[in-house]
Amino acid sequence: MNSKAALDRDNARRLLFEMVRMRRFEEKSIELYQAGKIRGFLHVYIGEEAIAAGVIGQLQPHDSIVATYREHGHALARGISARSIMAEMYGKQEGCARGRGGSMHLFDKKRRFFGGNAIVGGGLPLAVGLALAEKMQQRSGVTTCFFGEGATAEGAFHESMNLASLWKVPVLFVCENNLYAMGTPIAVELAQPNASRMAEPYGIAAASVDGMDVLAVQEAARVAIEYVRQGQPYLLECHTYRFRPHSMFDAELYRSKQEVDQWKQRDPISNFIDQACKNYALQADDLTKVESEVATEIDDAVRFAEAGSWEPISELTRFVHSEIPS
């Protein structure tokens with residue numbers, strides 16, 4: 001795989017912008033969470049940005065996405081506005097799910113972004129269903145489902161792989177293997193730690209890629225999506241690492257600071273900047289300009305969320321009960 005083939009200036013700047021945007025949005029989210037502005041749970045994607053940027057950039061608007069509870073980066077890469085996401089995290093009705101979903105349940109029907117799912121492995125059968133609908137209606141859309149390696153221990157993973165293979169549906173399974181299912185290392189959790197090898201018994205094509213290299217992810221995703229669009233499922237395993245704890249409630253007692261620091265040497269953003277500058281795809285002032293654009297957007301998103309409104313009590317049961325015609 002020659003990742004340098006895709007390293008033109010426009011592509012390089014887009015990838016840089018997407019990854020920096022994800023990183024800064026979540027850093028601000030942590031700050032707001034600690035200030036009590038964002039409540040509930042918060043799981044950040046910091047360190048894993050190359051996957052969302054590399055994969056989602058290869059999808060078409062009519063394709064569908066199903067994500068996990070660590071989905072802020074996926075939502076941003078899909079084009080859901082920072083305003084809409086931040087308002088949702090604040091619980092305001094201007095949010096993408098009217099403030100009812102919060103951090104773990106982002107949703108946008110227009111962009112075919114079908115969650116944000118809090119249940120581990122919960123998005124897998126949904127993705128197979130969406131892909132089956134595409135096939136039955138003879139449409140050309142691909143459904144991409146993101147999940148962590150911990151989900152491969154769930155029955156839903158194996159059921160979904162089995163049905164995807166039997167029905168030959170256009171679904172791309174993207175495993176974000178960050179080595180830990182919450183606080184459990186895969187070495188003591190999974191007899192087969194490589195998710196890509198789990199596809200073989202189901203007759204599903206699979207590949208493994210360095211999830212810290214955005215260009216490698218982009219190329220692997222391009223190949224995978226081209227294959228899936230022909231009407232066959234595919235599993236792409238991205239080896240990555242989260243730099244932050246599992247969630248804001250995680251004491252992080254299961255791994256050492258030294259281990260985290262070692263992985264930070266492979267930061268997907270800084271390493272991409274170095275690579276892109278060496279290949280003249282990026283210039284010295286590109287990062288400064290991108291950081292400025294991102295800062296302006298995030299500041300605007302926070303102001304929008306702060307100025308947002310709470311849903312009135314009169315709408316408490318809206319979307320909960322179906323309305324019976326009189």
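In this predicted model, Ala151 is buried, with a relative accessible area of 3%. The residue sits in the loop that runs between β2 (143–148) and α6 (155–167). Apart from its neighbours within four places in sequence, Ala151 is in contact with Val120, Gly121, Leu124 and Phe157. One of these partners, Gly121, is 30 residues away from Ala151 in sequence, yet the two C-alpha atoms are 4.8 Å apart in space.

A second buried loop residue is Lys92, which has a relative accessibility of 5%. Lys92 is found in the loop between α4 (82–90) and α5 (123–136). When residues up to four places away in sequence are not counted, Lys92 touches Ala87, Arg98 and Gly99, and also Ala305, Glu306, Gly308, Ser309 and Trp310. Arg70 is 22 residues from Lys92 along the chain, and the C-alpha atoms of the pair are separated by 20 Å.

Strand β3 contains Asn177, which counts as buried because its relative accessibility is 1%. Outside the four places on either side in sequence, the contacts of Asn177 are with Glu149, Ile186, Pro193, Glu237, Cys238, His239 and Thr240. Between Asn177 and Asp10, which are 167 residues apart along the chain, the C-alpha separation is 29 Å.

Thr240, one of the contact partners of Asn177, lies in the loop between β7 (234–239) and α8 (257–264). Like Asn177, Thr240 has a relative accessibility of 1% and therefore counts as buried. With neighbours within four places in sequence left aside, the contacts of Thr240 include Gly47, Glu48 and Ile51. Others in the list are Glu176, Asn177, Asn178 and Leu179, together with Gly211, Met212 and Trp263.

Ile51, among the residues that Thr240 contacts, is one of the buried residues of α2. Helix α2 covers residues 49–56 and is mostly covered, with 8 of its 8 residues buried. Besides Ile51, these are Glu49, Ala50, Ala52, Ala53, Gly54, Val55 and Ile56.

Leu179, also in contact with Thr240, is placed in the loop between β3 (171–177) and β4 (180–181). At 24% relative accessibility, Leu179 counts as partly exposed. The phi angle of Leu179 is near 80°, a positive value in a residue other than glycine. Most residues other than glycine have a negative phi. Tyr280, likewise not a glycine, has a positive phi of about 65°. This residue belongs to the loop between α9 (268–278) and α10 (286–306). Tyr280 is exposed, its relative accessible area being 72%.

The structure holds 0 disulfides. The cysteine sulfur closest to that of Cys96 is in Cys145, at 18 Å, which is too far for a bond. Cys96 counts as buried, since its relative accessibility is 17%. Cys175 is in no disulfide either, the nearest cysteine sulfur being that of Cys238 at 8.0 Å. With a relative accessible area of 0%, Cys175 is buried. Cys238 also appears among the contacts of Asn177.

Over the whole chain, the protein has 10 helices and 7 strands. The radius of gyration is 19 Å, which agrees with the value near 20 Å that a compact globule of 326 residues would have. Along the principal axes, the C-alpha trace spans about 55 × 55 × 40 Å. Of the 326 residues, 51% count as buried. Among contacts between residues at least 6 apart in sequence, 77% join residues at least 24 apart. The accessible surface comes to about 15000 Å², and carbon and sulfur atoms account for 53% of that area. The protein carries 36 positive and 42 negative side chains, and the centres of these two sets lie 3 Å apart.

How values were computed. Residues numbered from 1 in each chain as written. Predicted model: local features only at pLDDT ≥ 70, side-chain atom pairs only at ≥ 80, totals over all residues. Heavy atoms only, no water. Helix = DSSP H or I, 4+ residues; strand = E, 2+ residues; numbered from the N terminus. Rg over C-alpha atoms; globule rule 2.2 N^0.38 Å. Buried < 20%, exposed > 50% of the residue type's maximum accessible area, 1.4 Å probe, protein only. Contact = heavy atoms within 4.5 Å. Areas by Shrake-Rupley, 256 points an atom, 1.4 Å probe, with all protein chains shown as cover. Lys, Arg positive; Asp, Glu negative; His and termini not counted. Charge placed at Lys NZ, Arg CZ, Asp CG, Glu CD. Disulfide = S-S within 2.5 Å.
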